[in-house]
Each structure stands twice: as C-alpha cells, then as structure tokens.
Amino acid sequence: MAIGGLSFKAEYLGGHALFPKKMKCTLVVGPAGIAIPEMGLSLPYERVSKVQVITQKEVSALRFALLGVIGLLWKKKKKMLLISYTDDTGLTHDMLFGLKKVDEAAGLIYQQVAAAKRGVSPQPQAMGSGLGPGLMSGSGF
C-alpha cells in the first residue's frame, strides 16, 4: 500500500553495515516512517533515536570509523544528515546522508519523529516557504 509523502534526493554516505558503499538514494518521509527504496529500508519513526545536521568537523572522530578513507575527503563545512535508528534485531545504525535541503529534511523528519513518540498521527508537510528544489512529492510506505 503506497501512502503519499515527501521525498528528498540524497547521497547515502555510510553508517549501516549492510550498505558499506556510498550510493544515490531517496529519503521518502511518509506518515509512518522514512523509506529508502534503493536500500529496501523502512525506518519507523518510533525507532528513530536521533535526527541531526552535522558537519565534518563534528564527526571527525566518527567519520573514519564509519566511512574509512572516504570520510577523510569530506569538506569540513559540508552539512550532512545523521539519522540513528534501531532495527528489528536491536542493532543501532547511525546513517549519514548528504543532500541539498539538509536543514529542511532534518526539520521535517524531526517533527515526524517527535509526533510519533508523543502518539500523535504525524502528517508530512514542507517546512519554510515551499517545496523548492530537491524536494518533491512522492509515495512513501
């Protein structure tokens, strides 16, 4: 069953053991969670423990551990989206994504996670003045 949501074109940078390589992907912010179709992942909002915009400087200790040599090549001022979630097995994954509208995506995802944890039915909505480039309507899960 496909339910509408908002999608962000992104680049997965690492942080999940099943997906060790960078790849282009789409983050679909739906009513029940975040879908990443290219990975076949659905992250229910209730299992998301952290949504944060970070820079390379802030993850200098983590970047090598998460991404190896690739982590050393990032520009220090580049913003990334960190989403931490716990999967069905109880393992926690700290996934990093690069995207143009990182602040907008982080704000929207945070609102959805907060609403889900309060027991409120979250509804995807664009933040700021509109959808803008890099954000388009799509279908979630």
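## Strand β6 and its surroundings

Asp88 forms a salt bridge with Arg47, with 2.4 Å between the closest N and O atoms. A salt bridge here means a side-chain nitrogen of Lys or Arg within 4 Å of a carboxyl oxygen of Asp or Glu. This pair links distant parts of the chain: Asp88 sits in the loop between β6 and β7, Arg47 in the loop between β4 and β5, and 41 residues separate them. Asp88 is exposed, with a relative accessible area of 71%, while Arg47 is partly exposed at 34%. Those words have fixed limits: buried is under 20% relative accessible area, exposed is over 50%, and partly exposed is in between (1.4 Å probe, protein chains only).

Before going on, please keep in mind that this is a predicted model, in which local features need pLDDT of at least 70, side-chain atom pairs count only at pLDDT 80 or more, and totals for chains, interfaces and linings use all residues. Residues are numbered from 1 along each chain as its sequence is written, and side-chain values use heavy atoms, with hydrogens and water left out.

**The chain as a whole**

The chain holds three helices and eight strands, running β-β-β-β-β-α-α-β-β-α-β from the N terminus on. Helices (H or I, at least four residues) and strands (E, at least two) are DSSP runs, numbered from the N terminus. Of the 141 residues, 45% count as buried. Among contacts with a separation of 6 or more, 58% join residues 24 or more positions apart; contact means heavy atoms within 4.5 Å. The chain exposes about 7600 Å², and carbon and sulfur atoms supply 58% of that area. Accessible areas come from the Shrake-Rupley method with a 1.4 Å probe; for residues, only the protein chains shown count as cover.

**β6 and the strands it pairs with**

Which strands pair with β6 in the antiparallel sense? Strand β5 (residues 48-55) does so over seven bridges, and strand β7 (residues 92-98) over six bridges. Two strands pair if DSSP finds at least two bridges between them. On the β5 side, Val51 has Ile83 of β6 as its bridge partner. On the β7 side, Thr86 stands opposite Thr92. The hairpin of β6 and β7 has five residues between the strands, and within this hairpin Gly90 takes a positive phi near 95°.

β6 is mostly covered, since six of its eight residues are buried. Ser84 is found in this strand, which spans residues 79-86. Is Ser84 buried or exposed? Ser84 is buried, with a relative accessible area of 3%. Leaving out residues up to four places away in sequence, Ser84 touches Arg47, Val48, Ser49, Lys50, His93 and Asp94. Arg47 in that list is also the salt-bridge partner of Asp88.

**The nonpolar cores**

A nonpolar core is a set of buried Ala, Val, Leu, Ile, Met, Phe, Trp, Tyr and Cys residues joined through side-chain atoms within 4.5 Å. The largest one has 29 residues, and Ile34, Ile36, Leu81 and Phe97 have the most contacts inside it. The elements giving two or more residues to this core are β1 (3-14), β2 (23-29), β3 (33-36), β4 (41-44), β5, β6, β7 and α3 (102-118). Helix α3 gives the most, with seven residues.

Leu81 has a long list of partners: not counting neighbours within four places in sequence, this residue is in contact with Leu27, Val51, Gln52, Met95, Leu96, Phe97, Leu99, Val102, Ala105, Ala106 and Ile109. A second, separate core of five residues includes Leu13, Met80, Leu82 and Leu96.

**More charged pairs**

Side chains of opposite charge can pair when their charged atoms come close. How many salt bridges are there by the rule above? The count comes to four, including the three shown here.

| Acidic residue | Basic residue | N to O distance |
|---|---|---|
| Asp88 | Arg47 | 2.4 Å |
| Asp103 | Lys79 | 2.8 Å |
| Glu11 | Lys22 | 3.4 Å |

Asp103 lies in helix α3 and Lys79 in strand β6, so their pair ties together parts that are 24 residues apart in sequence. Asp103 is partly exposed, with a relative accessible area of 44%, and Lys79 is also partly exposed, at 38%.

In the Glu11 and Lys22 pair, Glu11 belongs to strand β1 and Lys22 to the loop between β1 and β2, 11 residues apart. Glu11 is partly exposed at 23% relative accessible area, and Lys22 counts as partly exposed at 39%.
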